[in-house]
Amino acid sequence: MKKRIIFNLSLKKTIITMRKASFITTLLILITAIISKAQTANEPEMADTMRSNGKIYVVVLVLATIFAGIIAYLIRIDRKISKLEKNK
Amino acid sequence: MPVPRLNIINESIRNLYYHVPMWFTMILLFTGSFIYSIKYLRGGNLRDDVYASQLTNTGIFFSILGMLSGMEWANYTWGAPWSNDPKQLGTAMSMLIYFAYIILRGGLKDDEKRAKISAVYNIFAYALMIPLLWVLPRMVDSLHPGNGGNPGFNQYDLDSNMRMVFYPAVIGWFLIGLWIATLKIRWGLLKFEKENNFQFEFEKNHNNNA
């Protein structure tokens, strides 16, 4: 009986990790697709999207990076705090 | 807000409001950490160590953001994300020094020992960061705007339009950096308090049993 519960628990854990892994792989595939697209557009001439409109999209990219970084960092802090709260 | 019209940089001159304040915030946070490390060494209060370590962590976070934003920008202006620019190299070195700080802290389990050794290390790291970021890149030519004969915004920004945005932006980023650091410090202090309470109760129980 006890063994079964443990088995169920571990099954649940593996399913959760698998879900997480699949999420990360989708993200990775998306990112590589975007990068490869940007690179192919980069090769022939200067008129790719990043350099259009006076390179304003470089500013957009930098802003997006910083925003994403700050959000990710805040989510990490949030998780740490909830972990601390749980261990009360 | 109109910005100076420059070749190569074009509109990406607006990155001045985002990329540069990242480094300013990093330096502010590292300075705070430096002060708290000295305070810890003088007073021996472990709460000061929590302040110092969390300020450094947040500073490292901002250095990563500054490095990423700089590399993204360099890819479209210098032609490659990494071109061994003296400022890039100096920053990479001081980032590695501060990464080693985290590793050093992770490797020491005893609270007092960790606090003392990492406080001394932090002071050395800060003392190394000053020449690496402020002195050495200025002694050689850099690809950065405003260095090595490249026009910076201060030569073209005659009507101070960029300053009107840049200085408030710096203040804003300072506040964001300090806010994130205080969040982390509050978390660190809570954790510290809890661990010490636990230790206290353990000692009490232990004494009662004995």
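User: In which helix is the place of Thr65(A)?

Analyst: This is a predicted model. Thr65(A) belongs to chain A, a chain with two helices and zero strands. The place of Thr65(A) is in helix H2 of chain A.

User: Is Thr65(A) buried or exposed?

Analyst: Leaving out residues up to four places away in sequence, Thr65(A) touches Leu65(B), Leu68(B) and Glu72(B). Its relative accessible area is 14%. Buried means under 20%, so with 14% Thr65(A) counts as buried.

User: What percentage of the residues in chain A is buried?

Analyst: Chain A exposes an accessible surface of about 7,500 Å², and carbon and sulfur atoms hold 70% of that surface. The chain has 88 residues, and the buried share of them is 16%.

User: What percentage of the residues of chain B count as buried?

Analyst: Chain B has six helices and zero strands. Its exposed area is about 11,300 Å², with 63% supplied by carbon and sulfur atoms. Of its 210 residues, the share that counts as buried is 43%.

User: Which element supplies the largest share of the largest nonpolar core?

Analyst: The largest nonpolar core has 48 residues, and those with the most contacts inside it are Ile66(A), Tyr17(B), Met26(B), Phe62(B), Met129(B) and Trp173(B). At least two residues of this core come from each of H2 of chain A and H1, H2, H3, H4 and H6 of chain B. The largest share, ten residues, comes from H6(B).

User: How many residues has the other core, the one with Val58(A)?

Analyst: Another core lies apart from the 48-residue one. Among its residues are Val58(A), Trp73(B), Ala74(B) and Tyr76(B). Its number of residues is five.

User: With which residues is Met26(B) in contact, leaving aside neighbours within four places in sequence?

Analyst: Met26(B) is one of the residues with the most contacts inside the largest nonpolar core. Another of these is Met129(B), a buried residue of H4(B). Leaving those sequence neighbours aside, Met26(B) is in contact with Gly59(B), Phe62(B), Ser63(B), Met129(B) and Leu133(B).

User: Against which helices do the buried residues of H4(B) pack?

Analyst: The buried residues of H4(B) include Ala115(B), Ala119(B), Asn122(B), Tyr126(B), Met129(B) and Leu133(B). In an α-helix there are 3.6 residues a turn, so residues three or four places apart point the same way. The buried residues of H4(B) pack against H1, H2 and H3 of chain B.

User: At which residue does H4(B) bend?

Analyst: H4(B) has 29 residues, and its first and last C-alpha atoms are 41 Å apart, close to the 42 Å expected at 1.5 Å a residue. The helix bends by about 30°. The residue at this bend is Leu132(B).

User: How far apart are the end C-alpha atoms of H1 of chain B?

Analyst: Helix H1 of chain B has 25 residues, 19-43, and is followed by Gly44(B), whose phi is positive, near 75°. At 1.5 Å a residue, the helix should span 36 Å. Its end C-alpha atoms agree with that, at 37 Å.

User: Which element of chain B has the lowest mean pLDDT?

Analyst: The mean pLDDT of chain B is 88, and 89% of its residues reach 70 or more. Among the elements of this chain, H1(B) has the highest mean, 95. Where pLDDT is low, the predicted coordinates should not be read in detail. The lowest mean, 64, belongs to helix H5 (residues 153-156) of chain B.

Notes: Residues are numbered from 1 along each chain as its sequence is written. Chains are lettered from A and ligands numbered from 1 in the order in which they are written. This is a predicted model: local features need pLDDT of at least 70, side-chain atom pairs count only at pLDDT 80 or more; totals for chains, interfaces and linings use all residues. Side-chain values use heavy atoms; hydrogens and water are left out. Helices (H or I, at least four residues) and strands (E, at least two) are DSSP runs, numbered from the N terminus. The expected span of a helix is 1.5 Å times one less than its number of residues. pLDDT is the predictor's confidence in each residue, from 0 to 100. Buried means under 20% relative accessible area, exposed over 50%, partly exposed in between (1.4 Å probe, protein chains only). Accessible areas come from the Shrake-Rupley method with a 1.4 Å probe; for residues, only the protein chains shown count as cover. A nonpolar core is a set of buried Ala, Val, Leu, Ile, Met, Phe, Trp, Tyr and Cys residues joined through side-chain atoms within 4.5 Å. Contact means heavy atoms within 4.5 Å. The bend at a residue is the angle between axes fitted to the seven residues ending there and the seven starting there.
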